[in-house]
Amino acid sequence: MAETRLNAVSKSFGIKPAVRDLSLTIRDGELVVLLGPTGAGKTTTLRLVAGLEMPDSGTVTIGGIEQTQATPAARDVTFVFQQYSLYPHLSVYDNLAFPLRSPVRRTPEPEIKRIVGEIAAMLRIDDKLGNRATQLSGGQMQRVAIGRALVRRPAIALLDEPLSSLDAKLRSELRIELKRIQQDLGATMLYVTHDQIEAMTLANRIGVIEQGRLVQVGSPREVYEDPANTYVATRLGSPGINLLPRKLFPDLAVPGDVATIGARTEHMTVRPAKNGADARVKWIEHLGDQNHLHITLQDQTIVSLVEPDTELKVGDAVAIEFTRPLLFDRDGQRVR
Ligand SMILES: Nc1ncnc2c1ncn2[C@@H]1O[C@H](COP(=O)(O)OP(=O)(O)OP(=O)(O)O)[C@@H](O)[C@H]1O
């Protein structure tokens with residue numbers, strides 16, 4: 001496992017830039033999540049590290065050695081894709097042993113047996129080692145794919161939405177296990193997703209990517225609490241942050257360049273108000289584990305979490321008070 005560094009990397013397809021001047025260091029033993037919507041350039045960034053794409057400019061350094069022009073085989077990286085890509089005719093054991101049996105490695109069979117046994121136990125598939133890959137469920141197949149990527153301890157493992165084809169329950173189970181295994185092995189990982197919960201729970205650091213640019217890098221908490229701009233602020237949090245025109249709240253004391261108030265649930269107190277207040281409860285959405293309060297204020301909708309036993313009802317007039325909301329300027333950049 002080793003530090004991986006992208007330095008001012010750019011890549012276009014034709015005239016369309018996919019990755020722009022992107023610099024990022026994934027430290028030894030760190031799991032960095034690239035978070036962004038579809039088309040933002042996440043997969044292209046992974047492929048640049050893997051050597052499946054060559055950058056137009058910039059460098060890629062893995063384990064202290066510049067490898068910008070190296071072939072994928074020459075780089076010490078492994079890849080896990082969204083769709084499990086196992087050898088269907090091989091057993092689980094042989095799928096896991098495959099990377100260790102390469103002619104370059106020549107790992108002795110007893111050593112292979114030990115390593116495969118260890119990783120299979122970590123992934124809780126040790127009772128499936130004799131099965132063919134095709135006899136596994138989707139979740140088990142993806143465990144094997146993850147195991148295969150980690151078994152030979154690459155400098156860095158690259159994971160491209162590895163959990164997105166699984167159902168919600170399996171996804172949340174495997175998310176936790178993946179984090180545990182990454183920590184146990186001290187594995188260095190670059191992980192791509194557009195799922196904010198995956199990003200928050202898995203990452204040591206999150207890199208938020210927008211149209212090929214890395215907009216902000218920080219711990220999940222930093223990125224959530226201290227977003228650099230409105231784009232980053234809208235990537236994390238459920239319900240999503242409310243971005244409200246400053247002019248809606250003429251009495252609020254904020255610096256003159258503030259154009260937008262960014263308010264999450266924790267930044268707002270909603271109280272019943274006398275009739276005549278502008279804000280009204282539009283809807284209370286019961287989602288089982290959460291209740292969302294929808295409020296209308298002029299032409300804006302404001303959404304906040306609310307206690308299940310709230311006394312508020314649809315049509316009630318409410319007053320909203322802010323506590324240290326996030327403030328953004330006209331260009332969406334953070335003012336405070
Ligand atoms: N081989 C290619 N040829 C042409 N354009 C490409 C190619 N690969 C990616 N692109 C374009 O580059 C941009 C970034 O794509 P990329 O797949 O990296 O985004 P992404 O963030 O991974 O999205 P997704 O979540 O949908 O995979 C997109 O506009 C995409 O259409």
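This section describes a predicted model of a protein chain with a ligand.

The protein chain has 336 residues, and buried residues make up 36% of them. Eight helices and 18 strands are present. Along the principal axes, the C-alpha atoms fill a box of roughly 80 × 45 × 30 Å. Many contacts span long stretches of sequence. Of those between residues at least 6 apart, 64% join residues at least 24 apart.

The domain assignment divides the protein chain in two. Domain 1 covers residues 4-235, and domain 2 covers residues 242-328. Their centres, taken over C-alpha atoms, are separated by 39 Å. Four residues of domain 1 and five residues of domain 2 take part in the contact. On the side of domain 1 that touches domain 2, two residues are nonpolar and two are polar. No charged residue is found on that side of domain 1.

The ligand comes next. Its shell consists of F13, K16, A18, G36, T38, G39, A40, G41, K42, T43, T44 and H194. Two elements, β2 (16-26) and α1 (42-50), each give two or more residues to this shell. The largest share comes from α1, with three residues. By residue class, the shell holds three nonpolar, seven polar and two charged residues.

Two residues of the ligand shell, F13 and K16, also face each other across a strand pair. Strand β1 (residues 4-13) pairs with β2 in the antiparallel sense, over seven bridges. F13 has K16 in β2 as its bridge partner. The hairpin of β1 and β2 has two residues between the strands. Within this hairpin, G14 takes a positive phi near 65 degrees.

Strands β11, β12 and β18 are linked by two pairings. Strand β11 (residues 242-245) runs antiparallel to β12, and four bridges join them. On the other pairing, β12 meets strand β18 (residues 326-328) in the antiparallel sense, over three bridges. I261 takes part in both pairings. L244 has I261 in β12 as its bridge partner, and I261 in turn has L327 in β18 as its bridge partner.

In a regular strand the side chains alternate between the two faces of the sheet. Strand β12 (residues 260-263) shows two sets of side-chain directions. T260 and G262 point one way, whereas I261 and A263 point the other way. All four of these residues are buried.

A further group of strands forms an open sheet. Five strands take part, in the order β13-β17-β14-β15-β16, and the pairing is antiparallel. The edges of the sheet are β13 (268-272) and β16 (300-305), each of which pairs on one side only. On average, neighbouring strands of this sheet are turned by 40 degrees against each other, direction ignored. Strands β14 and β15 are neighbours in the order of the sheet. Six bridges join β14 (residues 279-286) to β15 (residues 291-297), and the two strands run antiparallel. One of the residue pairs here is I284 with L293, the latter in β15.

How values were computed: Residues are numbered from 1 along each chain as its sequence is written. This is a predicted model: local features need pLDDT of at least 70, side-chain atom pairs count only at pLDDT 80 or more; totals for chains, interfaces and linings use all residues. A residue is near a molecule or strand if its C-beta atom, placed from the backbone, lies within 6 Å of it. Ala, Val, Leu, Ile, Met, Phe, Trp, Tyr, Cys and Pro count as nonpolar, Asp, Glu, Lys and Arg as charged, and the others, Gly among them, as polar. Domain bounds come from an automatic or database domain assignment. Two residues are in contact if their C-beta atoms, placed from the backbone, lie within 7 Å. Two strands pair if DSSP finds at least two bridges between them. A residue is buried if 20 or more other C-beta atoms lie within 10 Å of its own, exposed if 12 or fewer, and partly exposed in between; C-beta atoms are placed from the backbone. Axes are lines fitted to C-alpha atoms, for helices over the stretch in contact, and angles run from 0 to 180 degrees between N-to-C directions.
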